[in-house]
Amino acid sequence: MRVSDKNLAEVWDRGFTIIENFLDRDALAAAREALWEIYPKPEDYFKAPEEHPELARGQFAGLRLFPYSSWALNRLPVYPDLIDGAERLLETQDLEIYKIELWAKYSGAVNYDQFHHRDFGNHSLVVPRADRNHTQMTTFMLLSDVTAEDAPTKLVPLKFTRELSLPTRAVPFGELFEHEVALTAPAGSLLIYKTDVFHRGSNFTGVNRSRFMMLVDIQQRGWRWQGKMSWPDRADAKGMRETIVRMTPRERDLFGFPPPGSEYWNEQTIADVSARYPGMDMTPYLKPSADGSAEQKS
Ligand SMILES: O=C(O)CCC(=O)C(=O)O
């Protein structure tokens, strides 16, 4: 579903917006099915939680970094309506995806309650700008229904925190609770928020409940003081090569892959990148750059 202008305006005014049923039904169903290649199905987990001690090691134990073994998950960060929303919010097409995580939580594994915090603490070496420049667009894609019992994220509208100076990254547990809005929405919904927004994870209040989401963060390319993951570092991770092959040149570009027309491309790099990524259609990279360096020679 296209992110509406109203939703984008809400990101600026309130600090966050929730777009219900954002993912199309097929994409959601395929992504949910692929989750079980990574995580235990809830019904299996709750039969014997003690068989999954790795998920009880702490609040972040259910985090898994991009890429994944399945295209059904790997395609979500480049879901066209997400990138369109980022282009319109950030008012540029020169974007990079700077973090992708999957996060599974199971009730009883650990207490997921958090104090309110702002995410820029580990997304930036500095602080967000108070105007609209240098904004990082952070998102949660819900891959399961989230009701009040399912550990919803709780966010505080900006109007309640304007008095707190930007360097304040966290407040003591319990503060701001009276202003928080719970992210309760059906599977397939999208939360967009900014890194100056106070929010927190909450604990489950129901039994045998679980919550699955994908976190995708996007910013304008080229701000070396902001970011989180390094895609070259993940290049040899399982699933990355297949994912890069399946993506369009535009989608690869969001990960820093050289775009068509880049001076990187020449006869040698086209041949050798093609060998590193068997099956990749190299045709778009054959187009000559301004100095003609990628023109194929016969
Ligand atoms: O999982 C959630 O609902 C939010 C968690 C969070 O905000 C964090 O760990 O930074």
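**Salt bridges, an enclosed strand and unusual backbone geometry**

Glutamate 10 and arginine 14 sit four residues apart in helix α1 (residues 5-14), so about one helical turn separates them. In this predicted model, the two side chains form a salt bridge, with their closest N and O atoms 3.4 Å apart. Both partners are partly exposed: glutamate 10 has a relative accessibility of 27%, and arginine 14 has one of 23%. This pair belongs to a wider set, as the count of salt bridges comes to 19.

Another of these contacts links aspartate 94 with arginine 221, where the closest N and O atoms are 3.0 Å apart. Aspartate 94 lies in the loop between α5 (80-90) and β3, whereas arginine 221 lies in the loop between β9 and α6 (240-246), so this salt bridge ties together parts that are 127 residues apart in sequence. Aspartate 94 is partly exposed at 37% relative accessible area, and arginine 221 is likewise partly exposed at 23%.

A contact within one helix is found again in α7 (residues 249-253), where arginine 250 and aspartate 253 are three residues apart, about one turn of the helix. Their side chains meet in a salt bridge of 3.5 Å, N to O. Here arginine 250 is partly exposed at 27% relative accessibility, while aspartate 253, at 15%, counts as buried. Through shared partners, salt bridges join Glu87, Asp94, Arg221, Arg250 and Asp253 into one network.

Turning to the strands, β4 (136-142) is largely enclosed by the rest of the structure, because seven of its seven residues are buried. Both of its faces are covered, with Gln136, Thr138, Phe140 and Leu142 on one side and Met137, Thr139 and Met141 on the other. Strand β4 runs antiparallel to β9, to which seven bridges join it; within this pairing, threonine 139 stands opposite valine 216. Five bridges also join β4 to β7 (residues 190-194), again in an antiparallel arrangement, and threonine 138 has tyrosine 193 of β7 as its bridge partner.

Some backbone details in the loops are worth a look as well. Phenylalanine 66 and proline 67 are joined by a cis peptide bond with an omega of about 5°, and proline 67 falls in the loop between β2 (63-65) and α4 (71-74). Histidine 134, in the loop between β3 (95-106) and β4, is not a glycine yet has a positive phi of about 65°; this residue is partly exposed at 22%. Asparagine 208, also not a glycine, has a positive phi of about 55°. Asparagine 208 lies in the loop between β8 (199-200) and β9 (210-220) and is exposed, with a relative accessibility of 54%.

Definitions and conventions:
Residues are numbered from 1 along each chain as its sequence is written. This is a predicted model: local features need pLDDT of at least 70, side-chain atom pairs count only at pLDDT 80 or more; totals for chains, interfaces and linings use all residues. Side-chain values use heavy atoms; hydrogens and water are left out. Helices (H or I, at least four residues) and strands (E, at least two) are DSSP runs, numbered from the N terminus. Buried means under 20% relative accessible area, exposed over 50%, partly exposed in between (1.4 Å probe, protein chains only). Two strands pair if DSSP finds at least two bridges between them. A salt bridge is a side-chain nitrogen of Lys or Arg within 4 Å of a carboxyl oxygen of Asp or Glu.
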